[in-house]
Amino acid sequence: MATAVREALASAQHSAVHLELRDIYTPDDPDFADWRAGAHFDPAERWRSWFDVVMATTARGVRMRRARVVSEPVSEYIKFEYDVTGAHNIAAGEEVRWLPRRKAADLALPGADCWVIDDEVVIFNHFDGNGNWDPATGMDVRREPAVAKLCASAFEAVWERAVPHAEYRPL
C-alpha cells in the first residue's frame, strides 16, 4: 500500500472512504495469479499489513467504507476481489458495497479511483489502461475543498445505491 494512503489513514479522525471504478487492477499480481490457479490462501494473512492498518484505523473509531462500481458480467479480477473481500476487508473492519455500473450511469463520478479522508483530503489512484499502477506517478494527493466535496459527494451517491457485500452476488 502506498505511503500516502497509510499516512492519511493514520491521521484520519472520523472517516475514510475508497471509491473503486475499474474492472481490473494489476493483472500481473501474483496473488491474482495464485487465485486464478486455484491456490487457496487466507487474505488476512497474505495481506497482513493492510489488515492491520484497517484494524488499527477502525479501532480508533474511524469508519472505513469501500464502494466498488463494477461492470456486469463482472471481470475475472472482480470475481477475485469479491472472493477475498469477506475474509480480508470486511474481517478487518471495512464496510464494502458493490454497485453495478448500469446503476451508476446517471451519477457524476471522478475520473479516477480515490480515497477521501475526513472529507478533506483526496488521494487519487491513477492506473494505465491495462490496470497497472506506477508507484512513482500513480498517486495524486489533493486538499482543495471543492475537490474533496466533489469526491465525497460522488462516494455517497454510489454508497446509497450500492449493495452491501453480504447481499451482492456477482453476475
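Modeller: A residue is called buried when its relative accessible area is under 20%, exposed when it is over 50%, and partly exposed in between (1.4 Å probe, protein chains only). This is a predicted model, in which local features need pLDDT of at least 70 and side-chain atom pairs count only at pLDDT 80 or more, while totals for chains, interfaces and linings use all residues. Residues are numbered from 1 along each chain as its sequence is written, and side-chain values use heavy atoms, with hydrogens and water left out.

Colleague: Which residues sit on the face of α6 turned away from its buried side?

Modeller: That face carries P145, A146, K149 and E160, which are exposed. The buried residues of α6 are V147, A148, C151, A152, A154, F155, V158 and W159. These buried residues cover an arc of only 160 degrees around the axis (taken from the directions from the helix axis to the C-beta atoms), so they lie on the same side of α6.

Colleague: What makes 145–161 a helix, and what span is expected of α6?

Modeller: Helices are DSSP runs of H or I of at least four residues, and strands are runs of E of at least two, both numbered from the N terminus. Helix α6 has 17 residues, so it passes that cut-off. The expected span is 1.5 Å times one less than the number of residues, which gives 24 Å for α6, and its first and last C-alpha atoms are 25 Å apart.

Colleague: What do the buried residues of α6 pack against?

Modeller: They pack against β1, β2, β3, β4, β5 and β6, where contact means heavy atoms within 4.5 Å.

Colleague: How do you know that β1 and β4 pair?

Modeller: Two strands pair if DSSP finds at least two bridges between them. Strand β1 (15–20) and strand β4 (113–117) have four bridges, so they count as paired, in the antiparallel sense. One of the bridges joins H18 to W115 in β4. The open sheet has seven strands in the order β6-β5-β4-β1-β2-β3-β7, with mixed pairing.

Colleague: Why are β6 and β7 called edge strands?

Modeller: Strands β6 (139–142) and β7 (163–164) each pair on one side only.

Colleague: Which strands does α5 lie across, and at what angle to β3 does it run?

Modeller: Helix α5 (76–92) lies across β1, β2 and β3 (95–100), at about 160 degrees to β3. Helix α1 (3–11) runs at about 25 degrees to β4. Angles go from 0 to 180 degrees between N-to-C directions of lines fitted to C-alpha atoms, for helices over the stretch in contact.

Colleague: What makes a set of residues a nonpolar core?

Modeller: The members are buried Ala, Val, Leu, Ile, Met, Phe, Trp, Tyr and Cys residues joined through side-chain atoms within 4.5 Å. The largest such core has 22 residues, and L19, C114, V116, V122, F124, C151 and V158 touch the most other members. Helix α6 gives the most to this core, with eight residues. Apart from it lies another core, of 17 residues, among them A12, V54, M64 and W115.

Colleague: Why is D118 called buried, and what is D119 called?

Modeller: The relative accessible area of D118 is 10%, which is under 20%, so D118 is buried. For D119 the value is 46%, in between the two cut-offs, so D119 is partly exposed. D118 is in the loop between β4 and β5, and D119 is placed in the loop between β4 and β5 too. Phi of D118 is near 55 degrees, a positive value in a residue other than glycine, and D119, also not a glycine, has a positive phi of about 55 degrees.

Colleague: What makes the peptide bond from E72 to P73 cis?

Modeller: Its omega is near 0 degrees. P73 lies in the loop between β2 and α5.
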